[in-house]
Amino acid sequence: MAGITQAQYNRHMAYLNYASDELKSIEAIKGKTDPRLEKLCMDYAKSVLGNTIYAPWLLVYAAFLGEFKEGWIPHDYFEMIVAPRITKIYGYVSTIASLTPCVFTFPERCKMPNIASFANGLFLTCEGEVISSNEVHKYVFDRCDKVVFKTSFSMGGQGVHFLTAKDFDSKKIIQLGNGVFQEYIKQHDVFEEIVSSGVVTLRVLTVVEDSGNIRVCSAYARIPRSADTHVITGKSILLSVDMETGQFDDYAMMPDRSSVDKHPDTGTTFAGRRIPRFKECIAGIVKLHEQYRACRIIGWDVIVDKDENLQMMEWNGNCPMIVGPEWLHGPCFTGLGWENFWRK
């Protein structure tokens, strides 16, 4: 029990089931994991992270890649030990999408699709001005022909509603509760050719080092299936992005952890495709995080639109998932001292 409380240990048991399911999926494809890797994970969890309870998630990483890498941060260790220290209330702000315009000033060619919000019984502009319930329809659809309403605190693709002028009803919005109206983004042809039913999401993970420098840890695409209107956790396809060039990997990861070289519904291959203005987009994300260093880790959900502008749809500073980054680009967090947090 070294390094964690009883409450944390109880919470950890839920993570064990998650890790067990992931390992079963991986071994169903790759075969039984080498026992040598299991020992390495156990030894590392005990000697570096203070407790062997973190070994199962290390083993999930190792089983997926077929090797062990020092410096990995297990999923449960991050959520229980690291995130509470580096996000706290500053990360909580990201769960309230209507506050985004208050937090960030967007650099050139970096935009936010927010149009308005509904907060505590009021319809509001991005500048905080009140819109009457009778005027909100006109206000929203004078600016675009299709909107997305996202309820606050929604995660994993839940709480997302697509609306047109014809089916918009302010009373229904009030029933849904607090949330934000965003213009429906028309994605760049690079993504549209892969799938057109929903917008591909690029997840970029950045961390603030003790020096204040912003480290870009990972970038990958989350691609919806053709039957889905948007990215849904547990159903979407993960595709790694080269951190230098913005080029997609030749193979993507399916939810069952199998690999495919093309979209299973559209048949579009991934090889040879490159994100437009990738370096400029990453630079824009860094500029955004520089404005809010108090939140030490942020997962940015962005996309490049048809005009090659970076559109920032969401940001997660509360407890962004690190499993994808550690699989695809890890170890992502070496040199930050996180492995010692359990000692303090």
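This tour visits a buried strand, several salt bridges and a charged surface patch in a predicted model.

**First stop: strand β7**

Begin by selecting residues 179-183, which form strand β7. Four of these five residues are buried, so the strand is largely enclosed by the rest of the structure.

Next, add residues 114-119, strand β2, to the selection. Strands β2 and β7 run antiparallel and are joined by four bridges. To locate one contact between them, display S117, whose bridge partner in β7 is V180.

Then select residues 146-151, strand β5. Five bridges join β5 to β7, and this pair also runs antiparallel. Here T151 stands opposite G179 of β7.

**Second stop: a buried salt bridge**

The model contains 13 salt bridges. Select R203 and D301, whose closest N and O atoms are 2.6 Å apart in a salt bridge. R203 belongs to strand β8 (residues 201-208) and D301 to strand β13 (residues 297-304), so the pair ties together parts that are 98 residues apart in sequence. Are these two residues buried or exposed? Both R203 and D301 are buried.

**Third stop: a salt bridge between loops**

Move now to R296 and D210, which form a salt bridge with the closest N and O atoms 2.7 Å apart. R296 is found in the loop between α10 (278-290) and β13, while D210 is in the loop between β8 and β9 (214-223); the pair therefore ties together parts that are 86 residues apart in sequence. R296 is partly exposed, with a relative accessible area of 26%, whereas D210, at 71%, counts as exposed.

**Fourth stop: R225 and D265**

Select R225 and D265, whose side chains meet in a salt bridge of 2.8 Å, N to O. R225 sits in the loop between β9 and β10, and D265 in the loop between β12 (259-260) and α10, so parts that are 40 residues apart in sequence are tied together. R225 is partly exposed at 23% relative accessibility, and D265 is partly exposed at 37%.

Before leaving the salt bridges, return to R203 and D301 and add R222 to the selection. Salt bridges with shared partners join these three residues into one network.

**Last stop: a negative patch**

Finally, show the surface and select D242, E244, D249, D250 and D261. These residues gather in a patch of negative charge. One of them, E244, is placed in the loop between β10 (237-240) and β11 (252-253). E244 has a relative accessible area of 57% and is therefore exposed.

How values were computed:
Residues numbered from 1 in each chain as written. Predicted model: local features only at pLDDT ≥ 70, side-chain atom pairs only at ≥ 80, totals over all residues. Heavy atoms only, no water. Patch = residues over 30% accessible without salt bridge, like charges linked within 9 Å, V, L, I, M, F, W, Y side chains within 5 Å. Areas by Shrake-Rupley, 256 points an atom, 1.4 Å probe, with all protein chains shown as cover. Salt bridge = Lys/Arg side-chain N within 4 Å of Asp/Glu carboxyl O. Lys, Arg positive; Asp, Glu negative; His and termini not counted. Charge placed at Lys NZ, Arg CZ, Asp CG, Glu CD. Helix = DSSP H or I, 4+ residues; strand = E, 2+ residues; numbered from the N terminus. Buried < 20%, exposed > 50% of the residue type's maximum accessible area, 1.4 Å probe, protein only. Pairing = 2+ DSSP bridges.
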